[in-house]
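Here are some notes for your first look at this model. Please keep the structure open while you read them.

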Amino acid sequence: MRRILVVGAGQSGLQLAIGLLAEDYDVTLVDPRGPEEIETGRVMSTQCLFGPALRRERRHGLSFWDDRAPAITGVGVRVARPDGDPEPEVDWVGRLEESAQSVDQRLKLAAWLRVFVQGGGRFLRHRVSVEDLATVGRDYELVVVAAGRGELARIFPRDERRSPFRAPQRSLSLAYVTGAEAHPAGGVLSRTAVPGAGEVFSLPTLSLVGPCQAVMVEAVPGGPLDRIPGAGASGEEILAGILDVLRHHAPWEYERFAEARPADSGATLSGGYAPTVREPVAHLRGGNVVLGMADSVVANDPITAQGANMASLCAEVYRRAIVDHGRRPFDETFMRSAFAAYWHHARQVTAWSRVMLSGPPHVWELYRLAERHRPTADRFADSFSDPGGLIDWFLHPERAMEYVDSVRCATGSSHLPIS
Ligand SMILES: Cc1cc2nc3c(=O)[nH]c(=O)nc-3n(C[C@H](O)[C@H](O)[C@H](O)COP(=O)(O)OP(=O)(O)OC[C@H]3O[C@@H](n4cnc5c(N)ncnc54)[C@H](O)[C@@H]3O)c2cc1C
């Protein structure tokens, strides 16, 4: 049996570890937190997963929440007016062809970790250091680092060509709450853009308390939304800060969340990180090489709700690459080619995230078009399931204008809001 070490029991590490166990690999998984610490810890994400990632989990027998997690059937877009007007300038919901779902990672990762151990996987509770990787790593034929965006990711050199940001582009504040009302259109991942200042997201989710709502503010640092208390603040203080932002900048969301309370003592999160792409291979002292996975090597801002979806894809791409590699050595060439297969998809999300962070004029044009043209709204919603097609009509200004013109010709509508 080939011996494989996976560092980090998050979305990607667990999915890969369980997948390889099922293929008869000898898998060791290391994380400082066991199931109990994960369950009693803080929320980590809003982890809205779309069709392809959910299908992958079902295929691998890892989808335990289908009957309890609220179905997310659409993506809502609102654009706030600059003067704080109580009505948004743009307001529509695009339908998803396949429902999406959010299951609190505290529920999911704790359950998956138990599945891994019950299936015969070896789990070690330990925070892995660079030194550990250089020494213990030698006992394994392949070491995969799936440690998220933390310290350990720094062993992978930053890819300067693909990493234009040195600082966080958004200050993130998140709360899982009870006592909020549903979106008027039902199960919707709702996104309010406050031009130049950031975004407000909300979505139904399944958390420790059962079905509830999550609300997140992405504030441009130093801007008018960036006034939510961060490090050291209590859950109540973070939620109060979020509600204050909603009241002033997204009153339609405030109406829904005014009576909200934190869902549990770990239900809030605040922070930020610089979106970064890294080299997939790290060379350690003594000549060991290790392979980076998911956020450890490609960390985008959550503005496009894609990180967990991409972590799921990365685990699948790596699992297949490992199995297809047979008995051959897992050398640097293997690692770079496994990552290249992943990057082929991940680069689309990196490009999309950059466009969404900067909010260029053509994006607002497309939002206004979608309000009057349902196929555009639905196409945008389905891009969350498959961002690959965005290059044809959304990412570049010229293509976007071509698309807008083509819709105008096809519908014969001169009153579409095209400037
Ligand atoms: C506020 C917020 C909202 C988000 N919303 C969404 C969304 O709606 N949809 C979406 O798709 N994505 C979303 N994301 C992104 C998504 O959560 C991540 O991209 C995804 O979880 C990354 O998976 P991963 O496996 O790379 O790392 P993680 O899931 O972060 O797991 C990393 C694991 O490594 C462990 N670890 C860390 N250091 C070490 C070490 N030294 N030794 C051993 N183990 C270690 C950690 O304990 C953790 O268990 C969001 C992120 C944030 C911050």
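1. Start with I4, whose bridge partner in strand 2 (26-31) is V27. Strands here are DSSP runs of E with at least two residues, and helices are runs of H or I with at least four, numbered from the N terminus. Strand 1 (residues 3-7) and strand 2 pair in the parallel sense over 5 bridges. Pairing requires at least two DSSP bridges between two strands.

2. A caution on the source. This is a predicted model, in which local features need pLDDT of at least 70, side-chain atom pairs count only at pLDDT 80 or more, and totals for chains, interfaces and linings use all residues. Residues are numbered from 1 along each chain as its sequence is written, and side-chain values use heavy atoms, with hydrogens and water left out.

3. Now the sheet. It is open, has 6 strands in the order 6-2-1-7-16-15, and shows mixed pairing. Strand 6 (122-125) and strand 15 (281-283) are the edges, each pairing on one side only. On average, neighbouring strands are turned by 25° against each other, direction ignored.

4. Helix 1 (11-22) packs on this sheet and touches strand 1, strand 2 and strand 7 (142-145). Contact means heavy atoms within 4.5 Å. The direction of helix 1 makes about 160° with that of strand 2. Axes are lines fitted to C-alpha atoms, for helices over the stretch in contact, and angles run from 0 to 180 degrees between N-to-C directions.

5. What surrounds the ligand? There are 34 residues, the closest being S12, D31, S45, T46 and A308. Each has a heavy atom within 4 Å of the ligand. Helix 8 gives the most to this shell, with 4 residues.

6. Check the polar contacts (N or O pairs within 3.5 Å). A polar side-chain atom of S45 lies 2.7 Å from a ligand oxygen. For the side chain of N309, an N or O atom is 2.8 Å from an oxygen of the ligand.

Note on methods: Polar contact = N/O pair within 3.5 Å; in protein donor to acceptor, adjacent residues only side chain to side chain.
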